[in-house]
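Welcome, and thanks for taking a look at this fold with us. Have the sequence and the model to hand, and let's walk through the architecture piece by piece.

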Amino acid sequence: MNVVQEIQRINAKEIQIGIDGSEDTSWHSEYKNSAYIFIGGLLPKITEGDLLCVFSQYGEPSDLHLVRDKEGKSMGFGFLAYEDQRSTILAVDNLNSIKIGGRTIRVDHVKNYKPPEEKEGEPRRQTLLDLKLKEMKELRKKLKRQFKEEHRLKKEQRAKHKRPEAPSSPAAESSQSSPVKKVREPSAPPFRPVKREPPMARPEKPAPRPEKQQKLGAFDLPEPRSAGKPKLVSGAFD
């Protein structure tokens with residue numbers, strides 16, 4: 001608690017003098033090469049997701065290490081890194097001495113911090129990628145439950161608004177109970193190709209008959225001969 005109060009006192013003094021936290025004369029400039037902050041005084045029930053919800057309002061976290069014992073129980077402190085080092089100044093100035101879960105926490109700079117290396121046999125440390133994947137799985141489960149609930153409500157509403165069936169008459173029941181005969185639909189006649197007869201030959205024209213010579217009667221004159229050169233008949237006057 002003394003460290004928390006000391007940080008508050010220094011910040012109040014700099015505000016009174018008019019020193020900006022980003023200036024070289026500020027006490028924050030001593031930690032300008034470190035993007036990590038220390039978070040202490042946490043309750044054992046606080047998880048990595050809770051810390052991300054609180055500390056992401058002042059910058060994008062790039063790493064988070066909540067220290068746990070061999071049994072996996074939180075030891076009440078951890079280290080968080082920001083992508084932008086200037087976010088550490090905002091976090092220390094605004095989140096130091098706040099209460100999470102009813103307990104006052106301490107937020108301070110870290111000068112030289114290196115993430116611990118994983119050893120064989122020890123549980124794997126959760127990274128931000130693991131936390132994001134975990135959050136995505138929980139969100140998918142939540143959406144699935146919500147979708148099932150909406151589907152169930154819509155199904156109940158459709159059942160309520162469904163019209164009741166009219167009571168059936170005895171004739172209808174008897175007709176339903178009796179087997180229905182299937183009416184055979186008339187099928188189209190099979191296709192039969194039409195045989196076409198060859199075209200009839202045209203009758204040939206009969207040959208013209210020879211004209212009969214008419215017999216000359218007693219008073220009929222013979223037809224005149226065609227004009228030609230008169231034949232000379234040698235006679236007695238020659």
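Two strands count as paired if DSSP finds at least two bridges between them. With that in mind, strand 2 and strand 3 (residues 74-82) pair in the antiparallel sense over 6 bridges. Please remember throughout that this is a predicted model.

## Overall layout

The protein has 5 helices and 6 strands. Along the sequence they follow the pattern α-β-α-β-β-α-β-β-β-α-α. Of the 238 residues in the protein, 23% are buried. Among contacts with a separation of 6 or more, 63% are between residues 24 or more positions apart.

## The sheet

Which strands form the sheet, and in what order? Four strands make an open sheet with the order 2-3-1-6 and antiparallel pairing. Strand 2 (61-68) and strand 6 (106-109) are at the edges with a single partner strand each, so one side of each has no neighbour in the sheet. From one strand to the next, the twist averages 20°.

Let's look at strand 3 in more detail. On one side, H65 has F79 of strand 3 as its bridge partner. The hairpin of strand 2 and strand 3 has 5 residues between the strands, and G72 there adopts a positive phi near 90°. Strand 3 also runs antiparallel to strand 1, to which it is joined by 5 bridges; here F77 of strand 3 is the bridge partner of G40. Strand 3 is mostly covered, with 7 of its 9 residues buried.

## Helices on the sheet

Helix 2 (residues 48-55) lies across strand 1 (36-40), strand 2, strand 3 and strand 6, and runs at about 140° to strand 2. Which residues of helix 2 are buried? They are E48, L51, L52 and F55. Viewed down the axis of helix 2, these buried residues fall within an arc of 100°, so they line one face of the helix.

Helix 3 (residues 86-95) lies across strand 1, strand 3 and strand 6, at about 150° to strand 6.

## Cores and rings

The largest nonpolar core holds 22 residues, and those touching the most other members are I37, I39, L51, F55, L80 and V107. Strand 1, helix 2, strand 2, strand 3 and helix 3 each give two or more residues to this core. Another core, of 7 residues, lies apart from it, and includes Y36, F38, A81 and V110.

V107 deserves a visit of its own. Setting aside neighbours within four places in sequence, V107 contacts I7, I37, F38, F55, A91, V92, L95 and N96.

Aromatic rings add another layer to the picture. The count comes to 6 aromatic pairs, and ring pairs link Y36, F38, F77, F79 and Y113 into a cluster. Of these, Y36 and F38 are also among the residues of the 7-residue core.

## A backbone detail after helix 3

Most residues other than glycine have a negative phi. Against that background, S97 is worth a glance: its phi is near 75°, a positive value in a residue other than glycine. Where does S97 lie? S97 is in the loop between helix 3 and strand 4 (99-100). Is S97 buried, partly exposed or exposed? Buried means under 20% relative accessible area and exposed over 50%, so S97, with a relative accessible area of 25%, is partly exposed.

Definitions and conventions:
Residues numbered from 1 in each chain as written. Predicted model: local features only at pLDDT ≥ 70, side-chain atom pairs only at ≥ 80, totals over all residues. Heavy atoms only, no water. Buried < 20%, exposed > 50% of the residue type's maximum accessible area, 1.4 Å probe, protein only. Arc of directions from axis to C-beta. Phe/Tyr/Trp six-rings, centres within 6.5 Å; stacked < 30°, edge-to-face > 60°. Axes fitted to C-alpha atoms, helices over the stretch in contact; angles between N-to-C directions. Contact = heavy atoms within 4.5 Å. Core = buried A, V, L, I, M, F, W, Y, C linked by side-chain atoms within 4.5 Å.
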